[in-house]
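Here are my notes for a first look at this model. Please keep the structure open while reading.

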Amino acid sequence: MSQPYGYTVPYEQFLPEVMQFVPDVADIIAVNSIRNSCIEFCERTRYLQMDIPYIQLVNGKASYPISTPDGTKFVLPEVTYYNDVLLIPKSSDELASIYRMADWRKTQGNPAYITRLIMPEIIVVPYPVTVTSSDYLRCRISIAPTRDSTEIDSEIYEQFLEIISFGARARLYGTPKQAYYDRAAADQYYKLYKYFNSILDMKK
């Protein structure tokens, strides 16, 4: 997995913080729980971000695909500029309310809003019908690991090892019909996991 910060670490590096609390679990199962914990963390907090410095606008085109490094997926557009104009992020419901007299997907003009319906694409609203070679988008987007990833940005490991391990332990303890199943422990660790996620949400 390529990434924007410097280097990556394999999910196995998180194992000591998980296995000492759930010693009977197989490594491969623990790694999967760690991966899922990392995915949820990145989707919730939108901590991992990367810049897309240039997307050329096209006449009559509203949707633009977003490419991310191998092993990652596009979560949300965080900051998007149309040339030097900041586009306002809106949901499809909000756009329907703004453009009550028309279908927002068919509205033409200079882009003012940004939305996302189907990943990995962003949609500008209105969409331009007359563009020049100097008209472009630049974006900062949030990303998360994919289900088939094997490693994650070292920043997540260095800064949030304990939080990720809380989420992984919660998933393992909450797995029915396993020797290590413990509903009370699963609930306890997931409360800790959600609590620290919410603190990071408030800091955004």
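1. The main core. This is a predicted model. Its largest nonpolar core has 52 residues. Phe14, Ile34, Phe41, Ile122 and Leu137 have the most contacts inside this core.

2. Who builds it. Four helices each supply at least two residues: H1 (16-19), H2 (27-45), H4 (154-173) and H5 (183-203). The strands S2 (49-56), S4 (72-82), S7 (121-125) and S8 (136-145) each do so too. H4 gives the largest share, 11 residues.

3. A second core. Another core lies apart from the main one. This other core has 8 residues, including Leu95, Tyr99, Tyr113 and Tyr127.

4. Leu137 up close. Which residues does Leu137 touch, once neighbours within four places in sequence are left aside? Pro53, Tyr54, Ile55 and Leu57 are among them. Tyr64, Tyr81, Tyr82 and Leu87 are in contact with Leu137 as well. Ile122 and Val124 complete the list. Recall that Ile122, like Leu137, is named among the core residues with the most contacts.

5. The sheet. Seven strands form an open sheet with mixed pairing. Read across, the order is S2-S8-S4-S5-S6-S7-S3. S2 and S3 (63-65) are the edge strands, and each pairs on one side only. From one strand to the next, the twist averages 35°.

6. The S2 edge. What is the sense of pairing between S2 and S8? The two strands are antiparallel, with 6 bridges between them. Gln56 stands opposite Tyr136 of S8. In general, strands of a sheet pair through backbone hydrogen bonds, in a parallel or an antiparallel sense.

7. A helix over the sheet. H2 lies across S4 and S8. The helix runs at about 145° to S8. H2, S4 and S8 each also supply at least two residues of the main core.

8. The cysteines. How many disulfides does a search of the whole structure find? The count is 0. Cys38 is in no disulfide, and its nearest cysteine sulfur is that of Cys42, 6.4 Å away. Cys42 is in no disulfide either, with the sulfur of Cys38 as the nearest, at 6.4 Å. A disulfide needs the two sulfur atoms within 2.5 Å, so a pair at 6.4 Å does not count.

9. Burial of the two cysteines. Are Cys38 and Cys42 buried or exposed? Cys38 is buried, with a relative accessible area of 0%. Cys42 is buried too, and its relative accessible area is also 0%.

Note on methods. Residues are numbered from 1 along each chain as its sequence is written. This is a predicted model: local features need pLDDT of at least 70, side-chain atom pairs count only at pLDDT 80 or more; totals for chains, interfaces and linings use all residues. Side-chain values use heavy atoms; hydrogens and water are left out. A nonpolar core is a set of buried Ala, Val, Leu, Ile, Met, Phe, Trp, Tyr and Cys residues joined through side-chain atoms within 4.5 Å. Buried means under 20% relative accessible area, exposed over 50%, partly exposed in between (1.4 Å probe, protein chains only). Contact means heavy atoms within 4.5 Å. Two strands pair if DSSP finds at least two bridges between them. Axes are lines fitted to C-alpha atoms, for helices over the stretch in contact, and angles run from 0 to 180 degrees between N-to-C directions.
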